[in-house]
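Biologist: Hello! I would like a close look at one part of a protein, explained in a way that a first-year student can follow.

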Amino acid sequence: MVVTDRAFVTRNVAVLREAQNALNVAFGAILSAYVGVSLTEIDNRPFDHAVLARFFLGLAVFILCLCVGSSVILRGDYRLGAVFLVLAGGAAAAAHHEALVLGFEGAILRILSACWVVGLLGSNAALTAINYIHHRNRI
């Protein structure tokens, strides 16, 4: 039984979206745990609540733009996906700055964010390569 190119791509995209959702949940949980631990450490000294609010806002925009950018790239709109990824990078930089002001470990946040971005974009690249190889072999 020969699988058509469209069915092959559709099935692969569906599987990748499920995997990326699991990746988002996993990294979100890890990041939340780290933020929770860091907040308990800074709870013993005064801190600026406005800075904390800006940190969470930047973090939320980073997560939203990263997930939307990845989904848009999966649809094949690479330019719009790149715009969302650039916005995610800006939001991550803003959140990172606020986290440093709060006393978080910047290196841990950078490592978590980099792993998350590499995981999402790497899975998109793997899907693109698989679909390309499948399509190339059928020509």
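Does Arg54 count as buried, exposed or partly exposed, and why? Please take a close look at that residue, and then show me how the parts around it fit into the whole.

Modeller: Happy to! Please keep in mind as we go that this is a predicted model.

Let's start with your residue. Arg54 has a relative accessibility of 42%, so it counts as partly exposed. Its place in the chain is helix H2.

Now look for its partner. Side chains of opposite charge can pair when their charged atoms come close. Here, Arg54 makes a salt bridge with Glu98, and the closest N and O atoms of the two are 3.2 Å apart. A search of the whole structure turns up 1 salt bridge. This pair links distant parts of the chain, since Arg54 belongs to helix H2 and Glu98 to helix H3, 44 residues apart. The partners also differ in how they are covered: Arg54 is partly exposed, while Glu98 has a relative accessible area of 11% and is therefore buried. You can follow the meeting of H2 and H3 along the backbone too. Arg54 and Ala95 are 41 residues apart along the chain, yet their C-alpha atoms are separated by 7.0 Å.

Stay on helix H3 for a moment and find His96. With a relative accessibility of 17%, His96 counts as buried, because buried means under 20%. If we leave out residues up to four places away in sequence, His96 touches Gly106, Leu109 and Arg110. Helix H4 spans residues 106-138, which gives you a place to look for those three partners.

Next, step from Arg54 to the following residue in the sequence, Phe55. The rings of Phe55 and Phe104 have centres 5.2 Å apart and planes at 80°, so this pair is edge-to-face. Once again, distant parts of the chain are linked: Phe55 sits in helix H2 (residues 49-74), whereas Phe104 sits in the loop between helix H3 (78-102) and helix H4, with their positions 49 residues apart in sequence. Both Phe55 and Phe104 are buried. The whole structure holds 3 aromatic pairs, and ring pairs gather Tyr34, Phe55, Phe56 and Phe104 into a cluster.

Phe55 and Phe104 turn up again in the largest nonpolar core. This core has 22 residues, and those with the most contacts inside it are Phe55, Phe62, Leu102, Phe104, Leu109 and Trp116. Helices H1 (5-42), H2, H3 and H4 each supply at least two residues of the core. H2, the helix that carries Arg54, gives the largest share, 7 residues.

Leu102 is a nice core residue to click on. Setting aside its neighbours within four places in sequence, Leu102 is in contact with Ile42, Arg45, Phe47, Asp48, Val51, Leu52 and Phe55. So Phe55 has a part in several places at once: it pairs with the ring of Phe104, it touches Leu102, and it is among the core residues with the most contacts.

For contrast, turn to the surface. Leu80, Val83 and Leu87 form a nonpolar patch there, with about 240 Å² of accessible area together. Val83, one of the three, is found in helix H3. At 43% relative accessibility, Val83 counts as partly exposed.

Finally, zoom out to see how these pieces belong together. The protein has 4 helices and 0 strands, and from the N terminus on its elements run α-α-α-α. Among contacts between residues at least 6 apart in sequence, 79% join residues at least 24 apart. The link from Arg54 to Glu98, 44 residues along, fits that picture. For another example, look at Thr128 in helix H4: Thr128 and Val9 are 119 residues apart in sequence, but 9.2 Å apart in space from C-alpha to C-alpha. Thr128 itself is partly exposed, with a relative accessible area of 43%.

As for the protein as a whole, 33% of its 139 residues are buried. Its accessible surface comes to about 8300 Å², and 69% of that belongs to carbon and sulfur atoms. So, back to your question: Arg54 counts as partly exposed, at 42% relative accessibility, and from helix H2 it forms a salt bridge with Glu98 in helix H3.

How values were computed
Residues are numbered from 1 along each chain as its sequence is written. This is a predicted model: local features need pLDDT of at least 70, side-chain atom pairs count only at pLDDT 80 or more; totals for chains, interfaces and linings use all residues. Side-chain values use heavy atoms; hydrogens and water are left out. Rings of Phe, Tyr and Trp (its six-membered ring) pair if their centres lie within 6.5 Å; planes under 30 degrees apart count as stacked, over 60 as edge-to-face and the rest as tilted. Buried means under 20% relative accessible area, exposed over 50%, partly exposed in between (1.4 Å probe, protein chains only). Patches are made of residues with over 30% relative accessible area and no salt bridge: like charges are joined within 9 Å, nonpolar side chains (Val, Leu, Ile, Met, Phe, Trp, Tyr) within 5 Å. Accessible areas come from the Shrake-Rupley method with a 1.4 Å probe; for residues, only the protein chains shown count as cover. A salt bridge is a side-chain nitrogen of Lys or Arg within 4 Å of a carboxyl oxygen of Asp or Glu. A nonpolar core is a set of buried Ala, Val, Leu, Ile, Met, Phe, Trp, Tyr and Cys residues joined through side-chain atoms within 4.5 Å. Contact means heavy atoms within 4.5 Å.
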